[in-house]
Amino acid sequence: MKKLFLLIAVLLSVIITAQEHQNPIKIYRGERTKIHDLVHTKLKVNFDFPKRQMHGEAWITAKPHFYAVQNISLDAKAMLIHSIKMGNKDLEYNYDGNELIINLGNAYARDEEFTVYINYTARPEEVKQKGSMAISDAKGLYFIDPDGTDPDKPTEIWTQGETESNSCWFPTIDSPNQKSTEEIYITIPSKYTTLSNGLLISSNENEDGTRTDYWKMNQPIAPYLFFMGIGVYSKVEDSWQGKPVNYYVEPEYESVAKDIFGNTPEMIQFFSDKFGVAYPWDKYSQMVARDYVSGAMENTTSTLHAETAYQRKGQLVDENIWEDVISHELSHHWFGDLVTTESWSNITVNESFADYSEYLWREYKYGKDHADAHLYDNRQQYLMGHNYDKDLVRFHYASREDVFDGVSYQKGGVILHMLRNELGDDAFFTGLQHYLESHKFGTAEAQQLRIALEEVSGKDLNPFFNQWYYSNGNPRLHISYDYSDFYKTVTVTVKQSDKVFDFPLTIDVYESGKVANHTVHVTEKEQDFTFRYNQKPDLVNVNANHILLCEITDTEKTLANYIFQYNHAPHYVDRREAIEELAKHQDDELAFSTLTKALHDKYYGLRVLALNSIDLRGKYHKKQAIKAIEDLATSDPKTIVKGIAISILGKLIDPVYKPIFERGMQSESYSVKGNATLAMYDLDKESALAAMKGFDKEAREYLATLLTKIYIAENDESEMPFIAKNLLATMFMSNFSKYHKNDFEKTFDWIATSENEEAIKSLVKDLVKKGKHYKKYGVDQMALGLLQSLVKKQSQTDNATKESLILIAKKGMAELLE
């Protein structure tokens, strides 16, 4: 048993996002050679739910790209091919389970179109293609609970095409440099809703209880952007300039669909204006899927989101955590869908733009601090992600999935921000409009982006692109200062470690209430830059505009410099860096006073940082700070700030705050409610437990980790089913320290030896669910061991119903082993 719990501790403490390090295979990964051009794809599909298969008919219209051809090669993974025809004539073909080579019977010259008909069965469960870290089996077509046996999960079917997985459900040339118009007839049981690219042209009921929906996409898109989504959904309707904008959600989320997705029409208008190209498609729909293998996917006109997008009203009052994803996927409808990367090596022209569009939306909607906070987080993700040696445009990689990383996304977004600064807003956005107009409904690579920006700006951008797009790394700078009171100068020495970069660097010198802005050009391993002053500067701020992607080591900046920086430097990063440094020196009266001032920073994210940084030990000497926190807890406009402020007041264990906690426990905000609950529990257990009984189902579900810990501490048998249901998740959320390991063992034993059938069923069900879901990480073996332990422990009890309880556990074991 001890070994079992040790295994649990190891499994639960491992962060599953760690990625294997592979040396790139030194094979040039360029654009796929075009032998044919897709023209049109017509599909008719229906589904065998028990077998998790799809019967399909495909009419593929194509033409030779340049040279005459007699054959066409299509990607078709793990299919059964029943027949292939051209007109009424059967065609000969060879098929190896991956590539379908069809003899066309005649030679076709350039621009001479032909159509082949393929009758086939798609078998996604037979696909052996490996996907990214998030997609262990990139099988293209996914059946979710097709038998309808999981009461907690709806039956759904959805597709995921990127990178080259749509050829698992229809034959095509599965390459991003192809474009095709599309029509698809989807036949499904009438109770289900369908969604696909383009517009719904017709919907016809059939005599067998099925319905056939006909979707048509009149504009050409890449094969990986083809999409089907099927399930029981509520369609919440919206619009933009007369075009449908709809949100497909499970019925229980219908009331909050517009709270989650409701900014979409405004986003469409914003990006249309910003990019200089009106939204080019006939509609825009968004659907949420269960068990989705990624975060979201920009299927043209029909974005699919993971179920993480679902949020309750109490969460949305605090913050819509999915808004960046919504803006990201929408912006792909310009960068990625309208103009598509010609190869996975050039994925930056898709993903870097979508990443930076998150910044653009935040900047427009919420202001520069909000956007800069996001850019800062993205920069840190890149810098901390072992990405230094990867080029942005990457022609050598082990797997095409490898390019979807912190370089193509976060670093690429920061580089676009640098490029915007280099050109100025007018030239940058006019250049993007030129790029989109020049390549719309086609493909492009980074060089074509460069050329478009050069044609608009008149600047030679080869040096910028060579350094930032076709090379790797970032400047690593060591900064030192030499003040000369005799000459009234300060010399800033910039040393580059590792690679030597060529870049402009902003340096601001603050003196006597004024600031002098300087831009210098760094080109060498070590350079000195000297600036005059009348009085010794209060602050010399290097990379003052925080545009340059770099790492700076500056050990000579003093505490007084950081205090001045918080009070006078204008940017989010200036204030953030100052708060982080001030937090290390709270014994200094002026530092603590400045940190207290930061509690009222204009940007709520920095108020949160200050709250999480402040130390109230010796509270009787910190009355000003406590008063500021009291104000935040009662009147801050952001409920996230209120919640954290309440949490801090709760640690003071002072009855004077009980009314704040009581009101907080009644709040609609889950941040306020959760933090107030814990604060009240620490202050007055009975009052907290009584108020918790009044929480509705949604609040209990969202606050389950907190409530489970409290109920465990209280040994509350009436809540044993709730504890059992949430026990594993609670431990997952607790980093599984030695304390939590012991707590888990004790609680598991308590449930496993009880006669509470509901609790036993909940525990078994959760073990089976998590064991299956995380099987590839070995959680199935952990769950199996726990179920075996449950059987053993229950068999050793004197419970009158132990045989039936043991049977429940054994059925769970059998289900886990299926």
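**View 1. Glu266 and Lys365 form a salt bridge between two helices**. In this predicted model, the side chains of Glu266 and Lys365 meet at 2.9 Å, N to O. The pair links distant parts of the chain. Glu266 sits in helix α3 (residues 264–275). Lys365 belongs to helix α6 (residues 348–366). In sequence, the partners are 99 residues apart. Glu266 is partly exposed, at 27% relative accessibility. Lys365 is partly exposed too, with a relative accessible area of 32%.

**View 2. Asp684 and Lys658 meet in a salt bridge**. The N to O distance is 2.7 Å. Asp684 lies in the loop between α19 (670–683) and α20 (685–692), and Lys658 in helix α18 (residues 658–665), so the bridge ties together parts that are 26 residues apart in sequence. Lys658 counts as partly exposed, at 25% relative accessibility.

**View 3. Asp152 and Lys765 join a loop to a helix**. Their side chains form a salt bridge of 2.5 Å, N to O. Asp152 is found in the loop between β9 (141–144) and β10 (156–159). Lys765 is part of helix α25 (residues 757–773). The two residues are 613 residues apart, and the pair links distant parts of the chain. Asp152 has a relative accessible area of 37%, which makes this residue partly exposed. Lys765 is also partly exposed, at 39% relative accessibility.

**View 4. Four charged side chains build a salt-bridge network**. The members are Glu252, Arg312, Glu698 and Glu701. The structure as a whole holds 41 salt bridges.

**View 5. Helices α6 and α8 pack with a right-handed crossing**. Their axes come within 7 Å. The crossing angle is roughly 60°. From α6, the contact uses Glu351, Ser352, Phe353, Asp355, Tyr356, Tyr359, Leu360 and Glu363. From α8, the contributors are Ser408, Tyr409, Gln410, Gly412, Gly413, Leu416, His417 and Arg420.

**View 6. The largest nonpolar core contains 151 residues**. Seven of its members touch the most others: Phe47, Ile118, Tyr120, Trp169, Trp334, Leu419 and Tyr469. Helix α8 (residues 407–423) gives the largest share of this core, seven residues. A second, separate core has 89 residues. Leu649, Ala704, Ile712 and Phe722 are among them.

**View 7. Trp334 and its contacts**. Residues up to four places away in sequence are not counted here. Trp334 touches Ile268, Phe271, Ser272, Phe275, Val277, Ala278, Tyr279 and Pro280. Val339 and Leu436 are also in contact with Trp334. Trp334 is one of the residues that touch the most other members of the largest nonpolar core.

**View 8. Eight strands form an open sheet with mixed pairing**. The strand order is β5-β4-β8-β2-β1-β11-β14-β13. The edges are β5 (89–90) and β13 (199–205). Each edge strand has a single partner, so one side of each is left without a neighbour in the sheet.

**View 9. Strands β2 and β8 run antiparallel**. Nine bridges join β2 (residues 53–64) to β8 (residues 114–122). Ile60 stands opposite Val116 in β8.

Definitions and conventions. Residues numbered from 1 in each chain as written. Predicted model: local features only at pLDDT ≥ 70, side-chain atom pairs only at ≥ 80, totals over all residues. Heavy atoms only, no water. Helix = DSSP H or I, 4+ residues; strand = E, 2+ residues; numbered from the N terminus. Buried < 20%, exposed > 50% of the residue type's maximum accessible area, 1.4 Å probe, protein only. Core = buried A, V, L, I, M, F, W, Y, C linked by side-chain atoms within 4.5 Å. Contact = heavy atoms within 4.5 Å. Pairing = 2+ DSSP bridges. Axes fitted to C-alpha atoms, helices over the stretch in contact; angles between N-to-C directions. Left-handed = near helix turned anticlockwise from the far one by under 90°.
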